[in-house]
There are 2 protein chains.
Amino acid sequence: MKQINNITIIGLGLLGGSMGLALKKRLNLTIYGIDNNPKHIEKALQLGLIDQKSSFDNIQQSDVVIIAVPVNKIPEVTLKVLNVITENTLVFDVGSTKHNLCKTIESHPKRGNFVAAHPIAGTEFSGPEAAFDSLFENKKNIVCNASETHPSILEKALTLFKIIGLQTDFMESESHDKHIAYVSHLSHISSFMLGKTVMQIEKDEQSIFNMAGSGFESTVRLAKSSPETWTPIFLENKTNISIALGEYIRNLQAFKMMIDNEQKNEVYKMMKETNHIKDILKS
Amino acid sequence: MKQINNITIIGLGLLGGSMGLALKKRLNLTIYGIDNNPKHIEKALQLGLIDQKSSFDNIQQSDVVIIAVPVNKIPEVTLKVLNVITENTLVFDVGSTKHNLCKTIESHPKRGNFVAAHPIAGTEFSGPEAAFDSLFENKKNIVCNASETHPSILEKALTLFKIIGLQTDFMESESHDKHIAYVSHLSHISSFMLGKTVMQIEKDEQSIFNMAGSGFESTVRLAKSSPETWTPIFLENKTNISIALGEYIRNLQAFKMMIDNEQKNEVYKMMKETNHIKDILKS
């Protein structure tokens, strides 16, 4: 791809590391890596996620800067990067929350160089060892507040996203955070609490293991996710998550009441209606 | 397998149908099928799940009778079958709840011919079309109150289970129903309520679809399950499920409070502890 010779990735976990692999596989360029954790740098070099270690002092020379640190660090890192880049540099992040970030940088003179992106891709694993080059293939990507990005910078970003397999849609950051609270963050919390509840009662771990094939194993999968990644996400999006969790709890209480009262028809009807999720998830 | 020439399966859905396919693939025998729904019979014949249609009048001639009807029908169907079988017939069910069933039949003169089984196998799909011959391969199976079955009948059952790939463990029926309420039934309810909550808020179905890859799709999978199968299970095991649901709701409320109060360390700690589920689920 013309104009792109080198890329700096800040944060070499699952997403940052996979970005490195995905880009190197498809484009002829040099990937520089920055991470607070020296072990992540070492591992990223070893696994070929990046070509060279770098630092904030060298960011100026990058054609593209990718910010893949935990969401609570993204605003400050983004400001730090925007302060030093040249006018043609594309900067984008890959975080799960977008509104606070977009607010923080909205009046920065280099706002136009930034693309607020959220690739809907991930696994329950984390760290550089979890990275793989096909993570973004055929996945959705949400770009927020695209009108605040320079058209030429946006175009460059969209081309890069497409190359690694992402299909991009557009949303406003406030709306993104509200929707993602329900569709993604609530799923993680429901799964963590399911894991916690089952482990509290089932001191006999063999029973969990023996019975896990009955739906538990897949429903609890997200409870394996990294607390380092998810604590900041839950706190960053706390207002939306609190509302979503409140609704979820109310629905559970209503369903518990139906079961306690043996309201067979209501229990049936609720499940029948919820089966509609099948149609929604069909591509 | 000696002594087994024909098997009757009552209830030709996912489990009954898959039993037919799994057995026919591995043994040379004739499978008879019974189902209230004439369309299920027709489909089961068409798909080769069974060899011939049968009726309760012919059950006496069966070497093995498998009961795979919804759990609320299992006790009455089991009594009906036990009333007519000969002394060498093996009868087993495949239902998700066991205590009420075992209580109902405990003093029946043919109790020794019966094995209360729960193969921990299934998918979110249902009906004869959902059946497949490898459903039970490398899956766990729980047999309840095994001491109430004649040793020779139990041995025959264990051999059959092994042939189709099931690894059998033993439990008392009361304990089974309590454990399965947490590990399986609660997972289904958490998933149904997640689907309901997200659909309530997300009138914009495109957002659900676009963001589903973020953990929602796998966590909500069980909300595609059949209300015909699950309504009776939830009501049959209502006491245990109500306790499990109460605990789950309390944990969600406590977590919501932590998020509302921005108790970062508590949120982190709770997730870190729950990550232990990784070790439990490792084989």
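**Notebook: chain relation, sheet and one loop residue**

I superposed the copies (least squares on the C-alpha atoms of residues with pLDDT of at least 70 in both) and found that a rotation of 180 degrees with 0.0 Å of shift along its axis brings chain B onto chain A at an RMSD of 0.0 Å. I noted this as the relation of a two-fold axis. In chain B, I found the C-alpha nearest that axis to be the one of Thr219(B), 2.4 Å from it. I then checked the contact residues (C-beta atoms, placed from the backbone, within 7 Å): 100% of those of chain B recur in chain A, so the same surface serves both copies.

I kept in mind that this is a predicted model, in which local features need pLDDT of at least 70 and side-chain atom pairs count only at pLDDT 80 or more, while totals for chains, interfaces and linings use all residues. Residues are numbered from 1 along each chain as its sequence is written, and chains are lettered from A and ligands numbered from 1 in the order in which they are written.

Next I traced the strands of chain B (DSSP runs of E, at least two residues, numbered from the N terminus) and their pairing (at least two DSSP bridges between two strands). I read an open sheet of 8 strands with mixed pairing, in the order S3-S2-S1-S4-S5-S6-S7-S8. S3 and S8 (166-171) stand at the edges with a single partner strand each, so one side of each lacks a neighbour in the sheet. S7 (residues 139-144) pairs with S8(B) in the parallel sense over 6 bridges, and I saw Lys140(B) opposite Gln167(B) in S8(B).

Last, I looked up Ser55(B), which lies in the loop between S3 (52-53) and S4 (64-67) of chain B.

Terms used:
Contact = placed C-beta atoms within 7 Å. Helix = DSSP H or I, 4+ residues; strand = E, 2+ residues; numbered from the N terminus.
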